[in-house]
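Open the model in your viewer and set it to a cartoon view. Keep the selection box at hand for a short tour, stop by stop.

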Amino acid sequence: MQNIILFFISNILIENFILVKFLGLCPFLGSSSKVETAIGISFATTFVVFISSLLLWLINFFILLPLDLVYLRIIAYMLIISVSVQFLEIVLRSTSPILYRLLGIYLPLITTNCTVLAIPLFSLYFHHTFLESILFAVSASLGFTLVMILFSCIRERILLSDIPLPFQGAPIVLVTISLMSVIFMGFKGLIKN
């Protein structure tokens, strides 16, 4: 049980996909200016990552490996991710038009978010079991969500702050990301090998 908790916390804080592995920076920078948008894109990404990881693990171990079609892995993964995003888009359009409009262009961009593809590939690389793969997807997605919400809150505060002219706009955003990244990389010292 302790290993599962450590695995979960490690993927959220220590091995964070945005601030430590630097994956998923496009939606991170693009949709983190407002908390509502960040929450929406985070939960949409979490849903797509969870469904994709579940399906991709099953497809990999029950279709691609037995039939020796591993060279089709990336194509199959992209197809599953695209279908998951389209499904999510249809559901959001019919159930929550406000969230659908809020997410706007960022919803289809989940398909090209490298984090969504990286999580199943890392899971495969680390030879995770089915349960580990699901836990990895959930914990990595929660890490993505945590960083998106934290950063969007900070960006809203930055807009209200008196920033020196040379640092206004992109420079203060990049400095803030750098400081957050240093903080998250500092969590690495919490785990003893």
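**Stop 1: the largest pocket**

Start with the largest pocket of this predicted model, which has a volume of about 160 Å³. Select Ser 33, Arg 155, Ile 158, Leu 159 and Ile 163, which are among its lining residues. Then add Gln 168, Gly 169, Ala 170, Ile 172 and Val 173, which also line the largest pocket. Now color helices H8 and H9 (170–186). Each of these two helices supplies at least two residues of the lining. What classes of residue line the largest pocket? Six are nonpolar, three are polar and one is charged.

**Stop 2: the largest cavity**

Next, look for enclosed space. Rolling a probe the size of a water molecule over the atoms shows where empty space is left. How many cavities of 30 Å³ or more are there? The count is two.

Go to the largest cavity, with about 60 Å³ of space inside. Helix H3 (35–64) and helix H7 (114–125) are the elements that give two or more residues to its lining. Which helix gives the largest share? H3 does, with five residues. Select Ser 53, Leu 56, Trp 57, Asn 60 and Phe 61, all named in the lining of the largest cavity. Add Tyr 77, Pro 120, Ser 123, Leu 124 and Ser 133 to complete that lining. Color the selection by class: six residues are nonpolar, four are polar and none is charged.

**Stop 3: the second largest cavity**

Clear the selection. The second largest cavity has a volume of about 40 Å³. Pick Pro 27, Ile 41, Tyr 106, Leu 109, Ile 110 and Asn 113 to see its lining. Five of these lining residues are nonpolar, one is polar and none is charged.

**Stop 4: helix H4**

Select residues 73–95, which make up helix H4. This helix has 23 residues. How far does H4 reach from its first C-alpha to its last? The distance is 33 Å, close to the 33 Å expected at 1.5 Å a residue.

Show the side chains next. Arg 73, Ala 76, Tyr 77, Ile 80 and Ile 81 are among the buried residues of H4. So are Ser 84, Val 85, Leu 88, Glu 89 and Leu 92. What do the buried residues of H4 pack against? Their partners are H3, helix H5 (97–103), helix H6 (106–109) and H7. Tyr 77 is worth a second click: this buried residue of H4 also lines the largest cavity.

**Stop 5: helix H7 and its end**

Move on to H7. Its twelve residues should span 16 Å at 1.5 Å a residue, and its end C-alpha atoms are 16 Å apart, which agrees. Thr 115, Val 116, Leu 117 and Ala 118 are among its buried residues. Ile 119, Pro 120, Ser 123 and Leu 124 are buried in H7 as well. The buried residues of H7 pack against H3, H4 and H8.

Step just past H7 to His 127, which takes a positive phi of about 55°. Most residues other than glycine have a negative phi. His 127 sits in the loop between H7 and helix H8 (130–160). Is His 127 buried or exposed? His 127 is exposed, with a relative accessible area of 68%.

**Stop 6: Phe 22**

Now find Phe 22, in the loop between helix H1 (2–14) and helix H2 (25–30). Its phi is near 55°, a positive value in a residue other than glycine. Phe 22 is partly exposed, with a relative accessible area of 43%.

**Stop 7: Thr 37**

Select Thr 37 in helix H3. Its relative accessible area is 9%, and Thr 37 counts as buried because the cut-off is under 20%. Which residues does Thr 37 contact, leaving aside neighbours within four places in sequence? They are Ser 31, Leu 102 and Leu 103.

**Stop 8: regions from the record**

Finish with an annotation. An unreviewed UniProt entry lists residues 6–29, 41–64, 70–92, 104–127, 133–153 and 165–187 under "transmembrane region". Select 41–64: the chain there is 100% helix and 0% strand, with end C-alpha atoms 31 Å apart. Then select 70–92: that stretch is 87% helix and 0% strand, and its end C-alpha atoms are 33 Å apart.

Conventions: Residues are numbered from 1 along each chain as its sequence is written. This is a predicted model: local features need pLDDT of at least 70, side-chain atom pairs count only at pLDDT 80 or more; totals for chains, interfaces and linings use all residues. Side-chain values use heavy atoms; hydrogens and water are left out. On a 1 Å grid over the protein atoms alone, a cavity is a set of points where a 1.4 Å probe fits but cannot get out, and a pocket is an open set with protein on both sides within 12 Å along at least five of seven lines; lining residues have an atom within 4 Å of a point. Grid points are joined across faces, edges and corners, and a volume is the space filled by probe spheres set on the points. Helices (H or I, at least four residues) and strands (E, at least two) are DSSP runs, numbered from the N terminus. Ala, Val, Leu, Ile, Met, Phe, Trp, Tyr, Cys and Pro count as nonpolar, Asp, Glu, Lys and Arg as charged, and the others, Gly among them, as polar. The expected span of a helix is 1.5 Å times one less than its number of residues. Buried means under 20% relative accessible area, exposed over 50%, partly exposed in between (1.4 Å probe, protein chains only). Contact means heavy atoms within 4.5 Å. UniProt positions are given in the numbering used here, feature names are shortened, and annotations may be inferred rather than shown by experiment.
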